[in-house]
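Here is my note for a colleague who has not yet seen this structure. Please keep the model open while reading.

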There are 2 protein chains.
Amino acid sequence: MKLSANEEYGLRCLVRLAYAGFEERALTIPEISQAEGVSPAYAAKILRVLRKGGFVKAARGKEGGYTLARPAASIRIGDVIDALGGRLFESDFCDTHAGQAPICTRSVDCSVRSLWRAVQVAVDQVLSKTTLRDLLQNEEEMNSWVRTIPGANGLRLIQ
Amino acid sequence: MKLSANEEYGLRCLVRLAYAGFEERALTIPEISQAEGVSPAYAAKILRVLRKGGFVKAARGKEGGYTLARPAASIRIGDVIDALGGRLFESDFCDTHAGQAPICTRSVDCSVRSLWRAVQVAVDQVLSKTTLRDLLQNEEEMNSWVRTIPGANGLRLIQ
DNA sequence: GCTAATCTATACTTAATAGTCAAGATTACT
DNA sequence: AGTAATCTTGACTATTAAGTATAGATTAGC
């Protein structure tokens, strides 16, 4: 019951891009990777997933980089998590159990299943209601944030 | 954001042992593994974790097997999940980030952190309130359940 | 004490996830 | 057109989780 690295880093990348979007600025892979403390190659891998999920768009060549594909308020965190690593119980244990026959007919399984469903609902209530916009600080903080981003040196972060 | 195999199977084993406890009966590894559709070796591995976590106790030799170490009502599912695979965000990303320096000073991290904390709270509210007893069906069902367990042939499950 | 049934422990293999590398494709600017 | 900055892709390696195998230790009953 863990958050995958993809989910953690992917969401963080989106938050950074959302902030950068306030000054209509694209972020490059070197910038993002430095800011997140991961290798450029790994950042690229994560961003590919986000692009295929329709959350970010990329521009190649000089002056290129990544931007959000749509407004932060329209990006539900639940959808992001889905794209980055899947929900908690996607492979419903009650329908197919490691490729074997269904085991839902066993009472014990169904009681456990109900519990997972309750957890799933609890998680969804948080993740589906929250948008990327909800993760951003208030406007002043945003301004102080984006002002600290220098041109070519990667993100220089506020303390 | 997935449930690990250990967590899924481990909890199921506990539910079975709770039912078996109603007729003061120990379940052997072959019985449990057959009922859960996993190999005996794998079942043994999971049961070891449960034993070290203090949820079950084992008796060796003939007539041996596993039983719950304490009443089902005193076993919180949250504790079981902890023992079997850890909670969602045990390695708090804000304190130590892949062995690097703390990154909590970066605003972006803290907003993401707040979200995970909210998810964590939501999950805990379900898992910490639920005990193993809560996962058992009502008494009549229990009786029909245990009556279907034959002596030496492994669990024969109700349909 | 012997035997069969049981758990215990460690090491091993396989599969999935995390993370890296290198070569290629696109674009802005000159 | 040339060049440097950028993303794109697929294959590769490393680490962790999942699952297996084997040999050993304990116990009940004879």
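The points below take the two DNA strands in turn, then one helix and one buried residue.

1. Ground rules. This is a predicted model, where local features need pLDDT of at least 70 and side-chain atom pairs count only at pLDDT 80 or more, while totals for chains, interfaces and linings use all residues. Residues are numbered from 1 along each chain as its sequence is written, chains are lettered from A and ligands numbered from 1 in the order in which they are written, and side-chain values use heavy atoms, with hydrogens and water left out.

2. Surroundings of DNA strand C. There are 25 residues around DNA strand C. A residue counts as near a strand if one of its heavy atoms lies within 4 Å of it. Ala5(A), Ser39(A), Lys45(A), Arg48(B) and Tyr66(B) come nearest. Of the strand C atoms within 4 Å of the protein, 73% belong to sugar or phosphate, and the rest to bases.

3. Polar atoms at strand C. A polar side-chain atom of Ser39(A) lies 2.3 Å from a phosphate oxygen of DNA strand C. Ile29(B) uses its backbone: an N or O atom there is 3.1 Å from a phosphate oxygen of strand C. In the side chain of Arg60(B), an N or O atom is 3.3 Å from a sugar or linking oxygen of strand C. Elements giving two or more residues to this surface are α1 (5-21) and α3 (40-52) of chain A, with α2 (29-36), α3 (40-52), β1 (56-59) and β2 (65-68) of chain B. Helices (H or I, at least four residues) and strands (E, at least two) are DSSP runs, numbered from the N terminus.

4. Surroundings of DNA strand D. Here 24 residues surround the strand. The closest are Tyr66(A), Ser39(B), Tyr42(B), Lys45(B) and Arg60(B). Sugar or phosphate accounts for 71% of the strand D atoms within 4 Å of the protein, and bases for the rest.

5. Polar atoms at strand D. A backbone N or O atom of Ile29(A) lies 3.2 Å from a phosphate oxygen of DNA strand D. A polar side-chain atom of Arg60(A) is 3.3 Å from a sugar or linking oxygen of strand D. A base is involved too: one of its oxygens is 3.4 Å from a polar backbone atom of Lys62(B).

6. Which helix gives the most to each surface? For DNA strand C it is α3(A), with three residues. For DNA strand D it is α3(B), also with three residues.

7. A look at α3(A). The helix has 13 residues and reaches 18 Å from first C-alpha to last, close to the 18 Å expected at 1.5 Å a residue. Its buried residues (under 20% relative accessible area, 1.4 Å probe, protein chains only) are Ala43(A), Ile46(A), Leu47(A) and Leu50(A). Seen down the axis of α3(A), they fall within an arc of 100° (directions from the helix axis to the C-beta atoms), so they line one face of the helix. The face turned away from that side carries the exposed residues (over 50%) Ala41(A), Lys45(A) and Lys52(A). Just after α3(A), Gly54(A) takes a positive phi of about 80°.

8. A buried charge partner. Glu36(A) lies in helix α2 of chain A. Glu36(A) counts as buried, at 2% relative accessibility. Its side chain is joined to that of Arg16(A) by a polar contact of 2.5 Å. A polar contact is a pair of N or O atoms within 3.5 Å; within protein, one must be able to donate a hydrogen and the other to accept it, and residues adjacent in sequence count only if both atoms are side-chain atoms.

Notes:
The expected span of a helix is 1.5 Å times one less than its number of residues.
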